Amino acid sequence: MTETTQTQTTPDGGYGASQPRSPEYRLAADAMRGLRQDLFHDAFAYRPLPRRGVDGPLTRRLSGRTRGYAAWMPHALVAWAGAMALFAGWAAAGGGPAGLVTGLLALVPVLLTLARPVGAFWLSLMATAASSVVAGAFGDWPWQPGSFISHLTVLTVVAIRTRPRTAAWMWVLTAAYAFLVEAVLGDHFSNNSAPMLVVSALALLAVTVWHIRRSAQQEVTAQQTVTAHERSRRTLLEERTTIARELHDVVAHHMSVVAIQAEAAPYRVENPPPELEKAFATIRENAVAALTELRRVLGVVRAEDYEAPEAPQPTLADLDTLLANVRDAGLKVEKVVTGAVRELPQGVELSAYRIVQEALSNTLRHAPGASARVEIGYVLGGLGLRVVNGPPPEPSLIKPSPGAGHGITGMRERVSMLGGEMTAGPADDGGHEVAVFLPVATVRERPDDDGAGA
C-alpha cells in the first residue's frame with residue numbers, strides 16, 4: 001500500500017493556501033506578533049510598581065521605620081528622575097508658560113511608568129513631539145533637554161519592568177521616530193538623534209544583561225533547591241537501605257531459631273498429639289516462608305556492589321573494640337556505664353552501636369583534637385546513650401568536611417525505627433552533644449527452677 005501526496009497549484013502556477021510558509025515569512029510574522037503583544041495589547045493596562053523587598057543584605061540591617069522607607073526606594077528614584085526632567089524642560093524653554101508646559105510634558109510620562117509602563121512609552125513619544133512643537137526651532141531637536149531625560153528614563157524603567165524583547169521593540173520604534181521626523185521635517189542645526197540612540201542602546205543593553213543574569217540566578221537557585229531535595233531523599237533512602245541490610249541478619253537469626261525450635265519441639269514430647277505436631281509444622285513452614293520473603297526483599301534493596309559481611313552484626317559488647325580503634329586514630333574518649341548491664345534485643349544493640357560509631361566519626365571529622373565521652377545508661381524501660389565532645393583546640397585549622405550528611409540522618413532513622421527520641425546540637429562548652437533514648441519493652445522475669453520448687 002503506497003501513499004501519494006498531491007500539491008495543489010493555482011492556474012498561474014503558484015501554490016495553494018495549503019503550501020507551508022517560508023522561514024522568512026514565519027520569522028516576520030512572529031516578530032509582528034511579538035510587537036503587537038508587547039507594545040499594543042493592553043498597552044495602558046494598570047500594572048503598579050511593587051515595593052522593593054527589605055530582606056536584602058543591606059536593608060536587613062536597617063531599623064524598622066527606615067526599612068519601611070527603603071521599600072519605596074524605586075518609586076523615589078523614578079520621582080527624582082521625573083523632577084530632573086521637569087527642571088531641564090522648564091530651564092531649556094526659559095521659564096514662563098512654555099517652560100511649564102515643556103516640563104510637565106517631560107514629567108508625566110516618567111510618573112506614568114509607576115502604574116502603566118507600556119502606556120508611558122507611547123505617551124513619551126507623543127510628549128516628545130509636543131515639546132518640539134512648543135519649543136519651535138530653538139533648542140535641541142527632535143528631543144528637547146527635558147524630553148531627552150524623560151524618554152531615557154521611560155525606556156530604562158519600562159525595560160526593567162518588562163522583558164528584553166520589549167526593550168528591543170522600544171528602541172526600534174524610537175529609532176523609527178527619529179528617522180521619520182528627520183525625513184519629514186528635514187535636517188536641523190542641532191540634531192540629537194544619534195546621542196539618544198547610542199545612550200538608549202547602552203542603557204537597554206545593560207538592562208537586558210541584568211535581566212539575563214537575574215533569570216540565570218533564579219534558574220540556578222531553583223536547580224540547587226531541587227538538587228538539595230533530591231540529595232536529601234537519596235541520603236535518606238541510602239540510610240534506610242543500610243539499616244535494612246543490617247537488620248536482615250538480626251531478623252533472619254530469630255526466624256531461623258523459630259524454625260529450628262518448631263521442628264525439634266515434637267521430639268521433646270513423648271507421643272505428642274497430632275494437633276500439636278500439625279501446629280509445630282505450620283509454625284516451621286511460616287518461619288521458612290518468612291525467611292524466603294525476607295531474602296527477596298533484601299535482594300531488592302541490596303546495591304550491585306554490596307558484599308554480605310562475614311562477621312556477625314556488632315553489639316554493645318563490641319564497643320570496647322570500637323573505642324580502641326578510635327583512640328588509635330587520635331581521639332581521647334572515655335566510656336561510662338550506669339545501671340545494671342543486661343542483654344537487649346539485637347536490633348537495639350546494633351542501632352546503639354551504630355549511633356555511637358557515627359557520633360565518634362563526626363567528632364573525628366568536625367572536631368579533630370577534641371576529647372569525647374560516651375555514656376551508656378541501662379534504665380528501666382530502655383537504653384540511654386549520650387555522646388558528647390568538647391570544642392576543637394584549633395577551630396581555624398578545621399577544613400570543611402566533604403561528607404554528604406549521612407551521619408545525623410542515619411542516627412535519626414535508627415531512633416525513629418525503634419520509636420525512640422534523639423537530640424543533637426551544640427553543647428554549652430562549644431562542643432557537640434548527641435543524646436538518644438531507645439525504648440525496650442520490659443519482660444517479666446521468669447522464676448528459676450529452684451525457686452519454682454521452693
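**Aromatic pairs and a strand partner**

Author: In this predicted model, Trp 122 counts as partly exposed, with a relative accessibility of 21%.

Reader: Why is Trp 122 called partly exposed?

Author: Buried would require a relative accessible area under 20% and exposed one over 50%; Trp 122 has 21%, so it falls in between and is called partly exposed.

Reader: What makes Phe 40 and Trp 122 a tilted pair?

Author: A search of the whole structure finds four aromatic pairs. The ring centres of Phe 40 and Trp 122 are 5.2 Å apart, and rings pair when their centres lie within 6.5 Å; their planes stand at 50°, whereas stacked needs under 30 degrees and edge-to-face over 60, so this pair is tilted. Because Phe 40 lies in helix α1 and Trp 122 in helix α5, the pair ties together parts that are 82 residues apart in sequence.

Reader: Why is Phe 87 called exposed?

Author: Phe 87 has 54% relative accessibility, and the cut-off for exposed is over 50%, so Phe 87 counts as exposed. Trp 90, at 41%, lies between the two cut-offs and is therefore partly exposed.

Reader: How do you know that strands β2 and β3 pair?

Author: Two strands pair if at least two bridges are found between them, and β2 (residues 371-379) and β3 have eight, in the antiparallel sense, so they meet the condition. Within this pairing, Arg 373 stands opposite Val 388 in β3, and the two strands form a hairpin with two residues between them.

How values were computed
Residues numbered from 1 in each chain as written. Predicted model: local features only at pLDDT ≥ 70, side-chain atom pairs only at ≥ 80, totals over all residues. Heavy atoms only, no water. Helix = DSSP H or I, 4+ residues; strand = E, 2+ residues; numbered from the N terminus. Phe/Tyr/Trp six-rings, centres within 6.5 Å; stacked < 30°, edge-to-face > 60°. Buried < 20%, exposed > 50% of the residue type's maximum accessible area, 1.4 Å probe, protein only.
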